[in-house]
Amino acid sequence: MRAAGYESQAAFAAAHALRPYRLEQLYRAATKELAAGIDAVTVLPLALREALSTEGFALESVAPVTIQRSNDGQTSKGLFKLADGNEVEAVLMEHWGERSTVCISSQAGCAYACTFCSTGQAGYTRNLSAVEIFDQARFFARELAGRGKKITNVVFMGQGEPFANYDAVMNAVRLLNDPQGFGLGHRHITISTVGLVPKIDAFAAEGIQVNLAISLHAPTDEQRSKIMPVNRRYPVAELMAACARYAAKTKRKIFFEYVMLEGVNDDDASARALAKLMRGHLYHVNLIPYNATPDAPLRGTADQRIRAFAAILDGAGVATTVRTPMGRDIAAACGQLRAQTQPKAQRAREGEPKLAV
């Protein structure tokens, strides 16, 4: 919910003499009932609805600018404007059957500059609030509800590094999970990180069953540092040690994302090195066909080579899946998200969190 001009929920409640149960009604309308607007919250007195509408009160903090649909009808990408004019993208993927996954953004842009990711090439603008993160899922949940469907999974794999905006992301998880509100189970939520070691340890201590995914993409420091600058701060051995601590503490599986780049990380030696990293743990590798971006001079690995790479992992006893790309035709696939209004020069703007390397 967004109430312009108020410093806090308490200030908003005081200005309208709202008792706690009225705030609960607004919260339920926004998160559980997925009301389209304040006029639809008929449990509130008409005078209150009119007053809130007059002052610009909204049940959402993001406004759709454009919604694109893939040719196969399975993927929708939304470009959303925030109250300050910044824009982010989120993606709805409707799989065969009843599963619908929303990929949401946690930052406007990203400071981590992975060479294969369009968002990282564009640079960083700011962190999103928990409500701005949640409302991306809320938008698509409302759309699905109109067709008798619902969101079954949410992944924090859109724009930005979730663990660089840790507190807001954890609060967004609470909004998604709240049984009195949106009500999505923890096991249906996945957070992906480039490997911020202290935050992996913090996440292990949360005591929640939200899934953890690691953007690994290379098994050695030499390879990974070339495509992921963060590796110079948290090298492979340190990252894998944090993963081992997480697995030991939580007893939960970790998913490792590995984008397949021709001549970079897709040879047999890389497959064997990756298998060695995975050995002895409840780890699962997702091999991701590379999705072209306009700023990276990289080529995706051919399908036959991906299958050969996967076969080496399978032969070593590593659980492996080759991800099926969705939404390539609307630049909605993994690594392709970037708001059109986000110039690269913003990476150097004052106040940007600097990547320690």
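Q: How much of the chain counts as buried, and what makes a residue buried here?
A: Of the 357 residues in the chain, 54% are buried, a term that means under 20% relative accessible area, with exposed meaning over 50% and partly exposed in between (1.4 Å probe, protein chains only). This is a predicted model, in which local features need pLDDT of at least 70 and side-chain atom pairs count only at pLDDT 80 or more, while totals for chains, interfaces and linings use all residues. Residues are numbered from 1 along each chain as its sequence is written, and side-chain values use heavy atoms, with hydrogens and water left out.

Q: Why is C110 not counted in a disulfide?
A: A disulfide is a pair of cysteine sulfur atoms within 2.5 Å, and because the closest cysteine sulfur to that of C110, in C117, lies 6.4 Å away, the two are too far apart for a bond. C114 is likewise in no disulfide, the nearest cysteine sulfur, that of C117, being 6.3 Å away. The structure holds zero disulfides.

Q: Why is C114 called buried or exposed?
A: Its relative accessible area is 7%, so C114 is buried.

Q: What makes the phi of K251 notable, and why is K251 called buried or exposed?
A: Most residues other than glycine have a negative phi, whereas the phi of K251 is near 60 degrees, a positive value in a residue other than glycine. The relative accessibility of K251 is 65%, and therefore K251 counts as exposed.

Q: Why is L34 called buried or exposed?
A: L34 has a relative accessible area of 17%, so L34 is buried; L34 also has a positive phi of about 55 degrees although it is not a glycine.
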